[in-house]
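Here is a quick walk through a small model, written for someone who would rather be at the bench. Have the picture open as you read.

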Amino acid sequence: MILLCVKLIFQRDGKFSSMHIHDSEAMRERGIHCVIDQDKEARQEGRAY
């Protein structure tokens with residue numbers, strides 16, 4: 001447990017970086033979205049099955 005908290009203790013902001021796809025700049029540049037966003041787009045375009 002202590003090893004998991006090292007980043008929280010010694011980092012300025014004291015929080016973990018986001019692991020969500022939509023928060024990753026590299027993924028956005030490649031046009032990769034999370035499944036929730038893909039589902040929403042498909043439903044709007046009428047191609048959700």
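## Salt bridges and surroundings

Let's start with Asp39, which is partly exposed at a relative accessible area of 34%. This is a predicted model, so keep that in mind for everything that follows. Asp39 pairs up with Arg43 in a salt bridge, and their closest N and O atoms sit 2.9 Å apart. Why can these two reach each other along the helix? Asp39 and Arg43 are four residues apart in helix H3 (residues 35-45), so about one helical turn separates them. Arg43 itself counts as exposed, with 57% relative accessibility.

The structure holds two salt bridges. The other pairing to look at joins Arg47 to Glu45, with 2.6 Å between the closest N and O atoms. Here Glu45 is exposed, at a relative accessible area of 55%, whereas Arg47 is partly exposed, at 46%. The cut-off helps with reading these labels: a residue is called exposed over 50% relative accessible area, so Arg47 at 46% falls into the partly exposed class.

Here are the two pairs side by side.

| Acidic residue | Basic residue | Closest N and O atoms |
|---|---|---|
| Asp39 | Arg43 | 2.9 Å |
| Glu45 | Arg47 | 2.6 Å |

Helix H3 also carries Ile36. Is that side chain's residue buried or exposed? Ile36 is exposed, with a relative accessible area of 63%. If you look from Ile36 across to His22, 14 residues away along the chain, you'll find their C-alpha atoms separated by 10.0 Å.

## The whole chain

Stepping back, the chain has three helices and zero strands, and reading along the sequence gives the pattern α-α-α. How much of the chain is buried? Of its 49 residues, 4% count as buried. The chain exposes about 4900 Å², and carbon and sulfur atoms supply 57% of that area.

Some of the nonpolar surface gathers into a patch of about 560 Å², made by Leu3, Val6, Leu8, Ile9 and Phe10. Take Val6 from that group: its place is in helix H1 (residues 2-10), and it is partly exposed, with a relative accessible area of 34%. Patch residues need over 30% relative accessible area, so Val6 at 34% clears that bar.

## How far to trust it

The mean pLDDT of the chain is 80, and 86% of its residues reach 70 or more. Which helix has the lowest confidence, and which the highest? Confidence is lowest in H1, with a mean of 75, and highest in helix H2 (residues 25-30), at 88. Where pLDDT is low, the predicted coordinates should not be read in detail. Keep the H1 mean of 75 in mind when you look at that helix, where Val6 of the nonpolar patch has its place.

Key
Residues are numbered from 1 along each chain as its sequence is written. Side-chain values use heavy atoms; hydrogens and water are left out. Buried means under 20% relative accessible area, exposed over 50%, partly exposed in between (1.4 Å probe, protein chains only). Accessible areas come from the Shrake-Rupley method with a 1.4 Å probe; for residues, only the protein chains shown count as cover. Patches are made of residues with over 30% relative accessible area and no salt bridge: like charges are joined within 9 Å, nonpolar side chains (Val, Leu, Ile, Met, Phe, Trp, Tyr) within 5 Å. A salt bridge is a side-chain nitrogen of Lys or Arg within 4 Å of a carboxyl oxygen of Asp or Glu. pLDDT is the predictor's confidence in each residue, from 0 to 100.
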